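Visitor: Got a minute to go through a structure with me? I'd like to talk about its empty spaces and its ligand.

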Amino acid sequence: MRLSELETPCLVLDREKLARNIAALHVRLRGLGVNLRPHGKTAKCIDAVRLALEGPSGGITVSTLKEAEYYFDHGIVDMIYAVGVAPVKLDRIAALIGRGAHLSVILDSMAQARLLAERARAHDLVIPALIELDCDGHRSGVVPDDPLLTEIGRFLHTQKHTALAGVLTHAGESYNCRSIEAIQALADTEREAAVKSAEALRRLGLPCPIVSVGSTPTANFARDLSGVTEVRAGVFMFYDLVMAGLGVCAADDIALSVLASVIGHQERKGWIITDAGWMALSRDRGTAFQAIDQGYGLVGDMTGRPLGDLIVTGVSQEHGIVAGRAGKPTPAPSLEVGAKVRIFPNHACATGAMHDRYQVVDGEDKVVAVWSRINGW
Ligand SMILES: Cc1ncc(COP(=O)(O)O)c(C=O)c1O
């Protein structure tokens, strides 16, 4: 099969770029003396995640139990489920640990810690947990100087059915940084929050084997990671327009695109209509607040080269409106009905989630593999 023969819309993954992106972050983090724990939530695909692991026994991060079960069934044992744990999920977590998974959860409250201890006792096994830290006010987590940190730590360590596995933080605010210097400063803050918290726990004689930080921007620009044991990142495998807008990658590094067909024109408006609406692209508008607003995606030709200033300016469920960027000349009219374009996504995780497989290419037109992916919880 060639890309030109595929039914549209479909998701295209450039394996050459994927491999290049993975190798680059491994080299960078190795230079800083830390391990990369790839996040499986972007690809949700064992083939991609295997490429991101340096060795067969490496650990990953997951964002859903469905991912945890799927990756475990494909041979990955060491996993951190990096979304604050909900009580209703504890039995499923215990079942996975009972099957042999080395699965840790994260939490930031005594309520979660107590429920964890209770359910782990009921299952007669140990569930390890990391304390989630808030390093940038982005979302959840314990602030490092809050006495709650050591209260949770002591509880997890002293209960028979829980274990204190370490601390974890995610500098989600890095997505809103306006400069590389700002990302570097946030990477310092992220490291400091994690290392100081680990030290506070250790001063009390509590263990803190894992000191985990990470987001794709901070992973790419951290200058010092001393005291950190691992970095988590997921988007870096595929990259996307948000990352390109931040200066974290080049547009040419984006490995993911949606293949779409032209299905019509509204010539008086200067629009090209495609069959890739929000069901294929997602509704993510992550570049809306960046210097260059990419609409719902940047439009490229079949080789992936951007077609000037063509972007997806509007979407409905199964239609995409392609037009020039506001204030730019009307798009090239050479895209007749049936012509195909590749649309680069704002947010790789969100666009990926709209699809159940990747059409894999190696930089060229030929589809070399089809990789399935999972969705849901
Ligand atoms: C807890 C956690 N760790 C790591 C990551 C990975 O960051 P990124 O998506 O920037 O690669 C995320 C992403 O949301 C996250 O929520």
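Visitor: What volume does the largest cavity have?

Guide: About 60 Å³. Keep in mind that this is a predicted model.

Visitor: Okay. How many cavities of 30 Å³ or more does the structure hold?

Guide: Just 1 cavity reaches 30 Å³ or more.

Visitor: Which residues line the largest cavity?

Guide: There's a run of Glu132, Leu133, Asp134, Cys135 and Asp136, then His138, Arg139 and Ser140, plus His170. By class, that lining breaks down into 4 charged, 3 polar and 2 nonpolar residues.

Visitor: Switching to pockets. What's the volume of the largest pocket?

Guide: The largest pocket comes to about 730 Å³. Its lining takes in 37 residues, and those nearest the centre are His138, His170, Gly172, Tyr175 and Ser215.

Visitor: Which elements give two or more residues to that lining?

Guide: Strand E9, residues 230–233, and helix H9, residues 241–246. H9 has the largest share, with 3 residues.

Visitor: And how does the lining of the largest pocket split by class?

Guide: Polar residues number 18, nonpolar ones 14 and charged ones 5.

Visitor: Now the ligand. Where is it, pocket-wise?

Guide: The space the ligand takes is the largest pocket, the one of about 730 Å³.

Visitor: Which residues come nearest to the ligand?

Guide: Out of 13 residues around the ligand, the nearest are Tyr175, Thr216, Arg232, Gly234 and Val235. Tyr175 also turned up among the residues nearest the centre of the largest pocket.

Visitor: What's the class mix in the shell around the ligand?

Guide: You get 6 polar, 4 nonpolar and 3 charged residues there.

Visitor: Let's get down to atoms. How far is the polar side-chain atom of threonine 216 from an oxygen atom of the ligand?

Guide: That distance is 2.6 Å.

Visitor: What about arginine 139: how far is its side chain's N or O atom from a ligand oxygen?

Guide: 3.0 Å, for an N or O atom in the arginine 139 side chain. You've met Arg139 already, in the lining of the largest cavity.

Visitor: And valine 235, backbone or side chain?

Guide: Backbone. A backbone N or O atom of valine 235 sits 3.0 Å from an oxygen atom of the ligand.

Visitor: Last one: how much of the ligand's accessible area does the protein cover?

Guide: The protein covers 93% of it, where the ligand on its own has 390 Å² of accessible area.

How values were computed: Residues are numbered from 1 along each chain as its sequence is written. This is a predicted model: local features need pLDDT of at least 70, side-chain atom pairs count only at pLDDT 80 or more; totals for chains, interfaces and linings use all residues. Side-chain values use heavy atoms; hydrogens and water are left out. A residue is near a molecule or strand if one of its heavy atoms lies within 4 Å of it. A polar contact is a pair of N or O atoms within 3.5 Å; within protein, one must be able to donate a hydrogen and the other to accept it, and residues adjacent in sequence count only if both atoms are side-chain atoms. Accessible areas come from the Shrake-Rupley method with a 1.4 Å probe; for residues, only the protein chains shown count as cover. On a 1 Å grid over the protein atoms alone, a cavity is a set of points where a 1.4 Å probe fits but cannot get out, and a pocket is an open set with protein on both sides within 12 Å along at least five of seven lines; lining residues have an atom within 4 Å of a point. A molecule sits in a cavity or pocket if more than half of its atoms lie within 2 Å of its grid points. Ala, Val, Leu, Ile, Met, Phe, Trp, Tyr, Cys and Pro count as nonpolar, Asp, Glu, Lys and Arg as charged, and the others, Gly among them, as polar. Grid points are joined across faces, edges and corners, and a volume is the space filled by probe spheres set on the points. Helices (H or I, at least four residues) and strands (E, at least two) are DSSP runs, numbered from the N terminus.
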